[in-house]
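Here is an informal walk through a model you can load alongside the text. Keep the viewer open and follow along.

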Amino acid sequence: MAELSVKHLLGIKYLNENDIQLIFETADHFKEVINRSIKKVPSLRDITIANIFFENSTRTKLSFELAEKRLSADVINFSAAQSSVKKGETLIDTVNNILSMKVDMVVMRHPNPGAGIFLSKHVKASIVNAGDGAHEHPTQALLDSYSIREKLGDVAGKNVVIVGDILHSRVALSNIFALKLQGANVKVCGPKTLLPKHIESLGVTVETDLRKALNWCDVANMLRIQNERLDISYFPTTREYTQQFGVNKKLLNSLDKEIVIMHPGPINRGVEITSDVADSKQSIILNQVENGVAIRMAVIYLLASKIK
Amino acid sequence: MSQKVLLSEKEINIILHRLACQLLENHLDFKDTVLIGIQPRGIFVAERLTKILKEEYGVKEIKLGFLDITFYRDDFRRGDKTLEATKTKIDFLIEDKKVVLIDDVLYTGRSIRSALTAIQSFGRPSEIELLALIDRRFSRHLPIQPNYRGRQVDAINNEKVKVLWKENDGEDVIYLINK
């Protein structure tokens with residue numbers, strides 16, 4: 001029988017193609033479960049999971065918590081704002097204190113890239129990375145690919161463009177790894193200042209003309225401009241960004257084909273995507289959110305089954 | 001490892017017909033009854049019985065579903081391997097229905113215990129019955145007995161009952177395998 005090749009989910013970079021397929025097949029079953037009238041299974045009733053968030057999050061945190069509860073795990077939540085981290089405690093001390101309360105798995109979001117990897121080397125619990133700085137956000141990439149697979153039947157051979165702030169985006173990096181692993185063609189599109197140098201070395205192509213990119217693709221994943229991460233001005237004004245890299249209905253209607261629109265949320269309506277696009281039938285944004293719970297249930301179930 | 005034939009194709013066929021008749025006796029038109037095959041191997045028994053009831057006994061409509069019990073099992077993390085799920089397909093309501101759980105081999109009873117928990121996620125049935133093609137006597141871990149049994153077998157613990165089906169394995173036969 002199949003099992004994951006890893007003990008932790010630190011990034012897509014550490015997974016292989018079989019892992020991704022196993023996660024998707026398991027998520028199929030959980031998607032059926034969460035559409036029942038009783039949306040809960042008892043599998044993880046003897047597992048305790050700590051959600052440790054050193055950075056703000058609503059959707060990811062809710063999605064993880066819901067996934068854990070639907071697997072019947074015991075859940076404790078911790079956010080850095082109300083904690084001893086403020087009093088100078090180190091990351092390892094904080095987590096070890098939590099683990100001494102007999103916690104089996106840690107879901108962590110942290111502003112520093114590599115925080116999950118660092119932690120996995122120093123503590124005994126199974127670690128799930130829920131976003132580490134501008135590095136990776138593996139469950140988001142998994143649910144994005146899963147949503148593409150659900151909508152288009154397969155990810156292999158599809159053309160996917162990721163639009164926006166590629167430089168600061170963990171969603172972009174994890175998506176690139178995941179899509180390439182499954183044999184999709186990936187293009188990144190955005191202002192030159194927000195495209196990392198040498199990004200081609202990851203096997204993606206670069207385009208700065210949004211219309212060309214959209215005409216090429218089957219799926220466009222629109223990223224949010226993360227103003228909180230922009231330390232300097234990367235483009236003159238938000239208005240100018242919207243004119244060049246925002247998607248509106250008129251632009252979509254002028255393309256040769258109907259493309260699928262995705263967005264990891266939260267949406268800045270009227271900036272990277274207009275409301276009529278976000279709410280159109282081409283958009284699978286809310287499917288992504290629903291699939292997020294199924295994917296996280298699959299990841300947690302598969303990792304938990306390796307805890308002895 | 002040695003194996004002997006426990007039941008041949010002909011014997012299996014006779015037993016399936018008897019089980020179909022017994023179900024018919026208790027449920028008549030199957031209006032308020034649903035058949036649930038337990039994944040992965042109970043579904044073949046359930047499909048065969050449905051076919052016989054429809055084609056040979058003229059039952060017009062039978063609600064047939066498949067239930068995966070993986071997430072309800074009591075041995076999660078107890079073995080070396082990840083428990084892999086199969087598909088659940090129950091596209092009808094079981095509220096107030098008579099449910100017949102169907103499996104190929106009844107051994108420790110733990111799968112049936114899981115199935116009894118799992119089925120509750122789909123509503124509150126008016127009653128639940130159990131049909132097992134092979135009932136391994138003296139090996140139960142839980143107080144569970146079938147309402148309909150195909151053949152009772154005395155098998156010891158290092159023996160295994162293997163049920164093969166034409167549609168899945170190329171032939172209809174049941175082996176008793178000595179490991």
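## A buried alanine in chain B

Start at B:A46. Setting aside residues up to four places off in sequence, B:A46 makes contacts with B:L35, B:G37, B:L64 and B:I102. One thing to keep in mind throughout: this is a predicted model. B:A46 sits in helix α2 of chain B, which runs over residues 42-55.

Is B:A46 buried or exposed? It has 24 other C-beta atoms within 10 Å, and 20 or more is the cut-off, so B:A46 is buried. There is also a pairing across the sequence to look at: B:L16 is 30 residues away from B:A46 along the chain, while their C-alpha atoms are 9.9 Å apart in space.

## The annotated stretch of chain B

For residues 5-159 of chain B, an unreviewed UniProt entry carries the annotation "domain: Phosphoribosyltransferase". That stretch is 28% helix and 26% strand. Its end C-alpha atoms are 13 Å apart.

## Backbone oddities in chain B

If you check torsions, begin with the peptide bond between B:Q39 and B:P40, which is cis with omega about 0 degrees. B:P40 belongs to the loop between β2 (33-38) and α2 of chain B.

Then turn to the loop between β3 (63-67) and β4 (98-106) of chain B, where B:R77 is found. Phi of B:R77 is positive, near 70 degrees, and the residue is not a glycine. B:R77 has 16 C-beta neighbours inside 10 Å, so it counts as partly exposed. B:D96 is in the loop between β3 and β4 as well. It is another non-glycine with a positive phi, here about 65 degrees. With 11 other C-beta atoms within 10 Å, B:D96 is exposed.

## Two domains in chain A

Over to chain A, which is split into domain 1 (12-137 + 289-304) and domain 2 (139-284). Measuring from C-alpha atoms, the domain centres are 25 Å apart. Each side puts residues into the contact: 21 from domain 1 and 21 from domain 2.

Which elements supply at least two residues each to the domain 1 side? They are α1 (17-34), β4 (126-132) and α11 (285-304) of chain A. By class, that side of domain 1 has nine nonpolar, six polar and six charged residues.

## Where chain A meets chain B

Between the chains, 18 residues of chain A touch 16 residues of chain B. On the chain A side, α1 and α11 each supply at least two residues. The biggest share comes from α1(A), with four residues. Sorted by class, the chain A side holds nine nonpolar, five polar and four charged residues.

## A helix pair in chain A

α11(A) also packs against α5(A), at an angle of about 120 degrees and with the axes 8 Å apart. The crossing is right-handed. From α5(A), the contact includes A:L142, A:L143 and A:Y146. The α11(A) side includes A:I295, A:R296 and A:V299. Taken together, the residues of this contact are five nonpolar, six polar and three charged.

## Annotated binding-site residues

An unreviewed UniProt entry marks A:R59, A:T60, A:R109, A:H137, A:Q140, A:G265 and A:P266 as "binding site". A:R109 is part of strand β3 of chain A, residues 105-110. It has 26 C-beta neighbours inside 10 Å and therefore counts as buried. Leaving out residues up to four places away in sequence, A:R109 touches A:F53, A:F54, A:E55, A:S57, A:T60, A:A130 and A:G131. One of these contacts, A:T60, is itself in the annotated set.

A:H137 is in the loop between β4 and α5 (138-152) of chain A. Why does A:H137 count as buried? Because it has 26 C-beta neighbours inside 10 Å. Beyond four places in sequence, A:H137 is in contact with A:G131, A:R170, A:V171 and A:S174. Another annotated pair brings a further torsion to check: the peptide bond from A:G265 to A:P266 is cis, with omega near -5 degrees. A:P266 lies in the loop between β9 (260-262) and α10 (275-278) of chain A.

Technical notes. Residues are numbered from 1 along each chain as its sequence is written. Chains are lettered from A and ligands numbered from 1 in the order in which they are written. This is a predicted model: local features need pLDDT of at least 70, side-chain atom pairs count only at pLDDT 80 or more; totals for chains, interfaces and linings use all residues. Domain bounds come from an automatic or database domain assignment. Two residues are in contact if their C-beta atoms, placed from the backbone, lie within 7 Å. Ala, Val, Leu, Ile, Met, Phe, Trp, Tyr, Cys and Pro count as nonpolar, Asp, Glu, Lys and Arg as charged, and the others, Gly among them, as polar. UniProt positions are given in the numbering used here, feature names are shortened, and annotations may be inferred rather than shown by experiment. A residue is buried if 20 or more other C-beta atoms lie within 10 Å of its own, exposed if 12 or fewer, and partly exposed in between; C-beta atoms are placed from the backbone. Axes are lines fitted to C-alpha atoms, for helices over the stretch in contact, and angles run from 0 to 180 degrees between N-to-C directions. A crossing is left-handed if the near helix is turned anticlockwise from the far one by less than a right angle, and right-handed if clockwise.
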